[in-house]
Amino acid sequence: MWSPEETSIMNAEWMAITYRTDAEKLKALLPPGMSLRGEPLLSVSCAWFKNLYWLAGRGYGILSLDFPVTYRGKTEILDGSFCPVIWEGQPEAILTGRDEMGFPKLFCDMPEIAWDREKGTASCETSWFGFKFFDIALTGMTEDDAPPSLPGSGGGAAMYYKYVPRTNPRKGAGADVAYVTTPAPRPGEGRPDAISFDGYDFKRWKAKGSFNWHRATFEQLPTTFHIVNTIADLPCLEIVSTEMVAFSGPGIGVSVNSIRPVDPAND
């Protein structure tokens, strides 16, 4: 395990739009044991992490979704947010996050966030082999003095669904891996929350925002067109919040495996 002193300080920019969508279509994305909690509010976030110790000072971008859920496992009930899919621009981050922590990660090309502070605008886009499947833009950004918190958290525990199919299912060998994962308490601590960013630089901006999911054909996104199109079919009925944050913090926050499995009720 790396120490906070080793990982030093990382920097991040994070833009997010939360919008109200169709509840029934959101429910169709839920794994067994999960139910929609409260309003059908879907958050889409683009982030860029920089100066990461585990990549020797390099960084990468992330596109992610989440919405509020309740999960009923064998011995515990968790309220929080469910992330059905994440795209990242660095294979190493995808492999470790997916294999070790059970994050539903896919690859994309994602340039750094284009941010014009004087004009109060910011934008980002993701693509695969030249096909742009998502873009987001913020305008009219004004600094906000709200207390620090990461956007898109949905409140409570962050939850993911780790699914790994068995090897050679036609021969009946092995078994599928399928269970929910969530942050675990770190050594010496009793809370499964994020590493504290107290005392570090943190700024937030309110803004007007827009985004687009670009539907794809098999030829454009042969392995993920069905995922992009499913998200594109979730209607934006109302944008309820738009924001951007820029912060620094302990690099160990994105360098440590603090995720645990949750025993499913059907085991």
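The backbone oxygen of Asp 99 lies 2.8 Å from a polar atom of the Lys 162 side chain. That is a good place to enter this predicted model.

**A buried lysine**

Lys 162 sits in strand β11. Lys 162 is buried, yet it has no salt bridge. Which side chain of opposite charge is nearest to Lys 162? It is that of Asp 99, 6.9 Å away. A salt bridge needs a nitrogen and a carboxyl oxygen within 4 Å, so this pair does not count as one. The backbone of Asp 99 still offers a partner: its oxygen is 2.8 Å from a polar atom of the lysine side chain.

**The second largest pocket**

Strand β11 also helps to line a pocket. How much space lies in the second largest pocket? The volume is about 610 Å³. The lining is made up of 23 residues. Closest to the centre are Pro 84, Val 85, Pro 104, Tyr 161 and Ile 227. Four elements each give two or more residues to the lining: α3 (91-99), β7 (105-107), β11 (157-164) and α4 (225-232). The lining divides into 16 nonpolar, three polar and four charged residues.

**Salt bridges**

Side chains of opposite charge can pair when their charged atoms come close. How many salt bridges does a search of the whole structure find? The search finds twelve. The table gives three pairs, including the distance between N and O atoms.

| Pair | N to O distance |
|---|---|
| Glu 238 and Arg 20 | 2.2 Å |
| Arg 260 and Glu 76 | 2.9 Å |
| Asp 135 and Lys 132 | 3.9 Å |

Start with Glu 238 and Arg 20, which form a salt bridge. The pair links distant parts of the chain. Glu 238 is in strand β14 (residues 238-250), and Arg 20 is in strand β1 (residues 9-20). In sequence they are 218 residues apart. Glu 238 is partly exposed, at 41% relative accessibility. Arg 20 is partly exposed too, at 21%.

Next come Arg 260 and Glu 76, whose side chains meet in a salt bridge. Arg 260 lies in strand β15 (residues 259-262), while Glu 76 lies in the loop between β4 (58-72) and β5 (77-82). The pair therefore ties together parts that are 184 residues apart in sequence. Arg 260 is partly exposed, with a relative accessibility of 24%. Glu 76 has a relative accessible area of 24% and is partly exposed.

The third pair joins Asp 135 to Lys 132. Is Asp 135 buried or exposed? At 14% relative accessibility, Asp 135 counts as buried, because the cut-off for buried is under 20%. Lys 132 is partly exposed, at 32%. Lys 132 belongs to strand β10 (residues 131-144). Lys 132 also comes within 9.9 Å of Asn 212, C-alpha to C-alpha, although 80 residues separate the two in sequence.

Some salt bridges join up. Glu 13, Lys 50 and Glu 112 are linked in a network of salt bridges.

**A polar contact at Asp 79**

Asp 79 is part of strand β5. Its side chain makes a polar contact with the side chain of Thr 70, at 2.6 Å. Asp 79 has a relative accessible area of 43%, so it is partly exposed. How far apart in space are Asp 79 and Gly 156? Their C-alpha atoms are 5.6 Å apart. In sequence, the two residues are 77 residues apart.

**Two positive phi angles**

Most residues other than glycine have a negative phi. Asn 51 has a positive phi of about 60°, although it is not a glycine. Asn 51 is found in strand β3 (residues 41-52). With a relative accessible area of 37%, Asn 51 is partly exposed.

Phe 129 also has a positive phi, near 50°, and is not a glycine. Phe 129 is found in the loop between β9 (121-128) and β10. Is Phe 129 buried or exposed? Phe 129 counts as exposed because its relative accessibility is 73%, and exposed means over 50%.

Key
Residues numbered from 1 in each chain as written. Predicted model: local features only at pLDDT ≥ 70, side-chain atom pairs only at ≥ 80, totals over all residues. Heavy atoms only, no water. 1 Å grid on protein atoms, 1.4 Å probe; cavity = no way out; pocket = protein on both sides within 12 Å on 5 of 7 lines; lining within 4 Å. Points joined across faces, edges and corners; volume = space filled by probe spheres on them. Nonpolar A, V, L, I, M, F, W, Y, C, P; charged D, E, K, R; others polar. Buried < 20%, exposed > 50% of the residue type's maximum accessible area, 1.4 Å probe, protein only. Lys, Arg positive; Asp, Glu negative; His and termini not counted. Polar contact = N/O pair within 3.5 Å; in protein donor to acceptor, adjacent residues only side chain to side chain.
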